[in-house]
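User: Please take a close look at one part of this structure and explain how it fits with its surroundings. I am in my first year, so kindly define each term as you use it.

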Amino acid sequence: TSVFPRLKTRGVLRRYHTTTLKVWQYFTGNVLSNGFTGILSVALMFITAVLFFDLTMKGNYITLIFMTIIGATLMFGIGLAIGGWAKNENQAAPLSQLVALPMMFLSGVFFPTFLMPPALQSVTQFIPLTPIIDSFRYVITEGKTFFELGPQLAIIGIWLVIVYFLAFKFFRWE
């Protein structure tokens with residue numbers, strides 16, 4: 001999230017703007033590189049889990065890779081929106097923490113959402129990170145296929161549209 005304000009401050013984005021590069025091309029390149037990084041991160045975690053913690057995955061690795069790409073795309077879009085809105089790095093860092101930390105606590109990253117009060121459980125289902133975490137759990141522990149993750153994919157799809165709409169709206173070359 002602080003990358004774009006830093007690039008704005010240094011004038012890098014202004015120089016990109018003088019080229020024929022379009023915003024969607026710039027975003028696509030960043031999303032692809034971060035999606036690749038996400039796949040490498042998950043692969044490293046899985047290798048570690050299999051070697052040291054006897055992980056037995058019930059699902060399909062292709063489904064997990066696809067969900068990793070979709071999840072990284074959504075999370076990077078949130079970063080793009082925050083980074084585009086922030087005027088400088090001093091704004092971007094606290095804003096990203098203000099969004100990320102509650103999202104992690106309420107989405108089941110640290111502890112399962114079924115341990116939360118019922119009223120809070122219904123709200124947590126609509127946080128962007130919750131369907132990503134749930135789909136990882138379903139694929140790994142229950143062996144669900146891509147087609148069985150319909151509700152999670154629907155919520156992720158809605159968030160993708162919202163987040164990238166905001167990212168395009170807030171993005172400025174200067």
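Analyst: Helices here are DSSP runs of H or I with at least four residues, and they are numbered from the N terminus. As an example of this naming, Thr113 is placed in the loop between helix H5 (89-106) and helix H6 (118-124). The model is predicted, so local features need pLDDT of at least 70 and side-chain atom pairs count only at pLDDT 80 or more, while totals for chains, interfaces and linings use all residues. Residues are numbered from 1 along each chain as its sequence is written, and side-chain values use heavy atoms, with hydrogens and water left out.

The part chosen is helix H1 (3-10). Its buried residues are Phe4, Pro5, Leu7 and Lys8, where buried means under 20% relative accessible area, exposed over 50% and partly exposed in between, with a 1.4 Å probe and protein chains only. Viewed down the axis of H1, these buried residues fall within an arc of 160 degrees, so they line one face of the helix; the arc is taken from the directions from the helix axis to the C-beta atoms. On the other side of H1, Thr9 and Arg10 are exposed. After H1 comes Gly11, whose phi is positive, near 85 degrees.

What does the buried face of H1 pack against? Its partners are helix H2 (12-17), H3, H4 and H5. For Phe4, setting aside residues up to four places away in sequence, the contacts (heavy atoms within 4.5 Å) are Leu13, Tyr26, Asn30, Phe76, Leu80, Gly83 and Phe171.

Phe4 also belongs to the largest nonpolar core, which has 32 residues; Phe4, Tyr26, Leu64 and Leu80 have the most contacts inside it. Such a core is a set of buried Ala, Val, Leu, Ile, Met, Phe, Trp, Tyr and Cys residues joined through side-chain atoms within 4.5 Å. Two or more residues of this core come from each of H1, helix H3 (23-53), helix H4 (61-85), helix H7 (129-142) and helix H8 (150-170). H4 gives the most, with nine residues.

One partner of Phe4, Phe171, lies in the segment after H8. Phe171 counts as buried, because its relative accessibility is 9%. Beyond its neighbours within four places in sequence, Phe171 is in contact with Phe4, Leu13, Val23, Tyr26, Phe27 and Gly84. Although Phe171 and Ile78 are 93 residues apart along the chain, their C-alpha atoms are separated by 12 Å.
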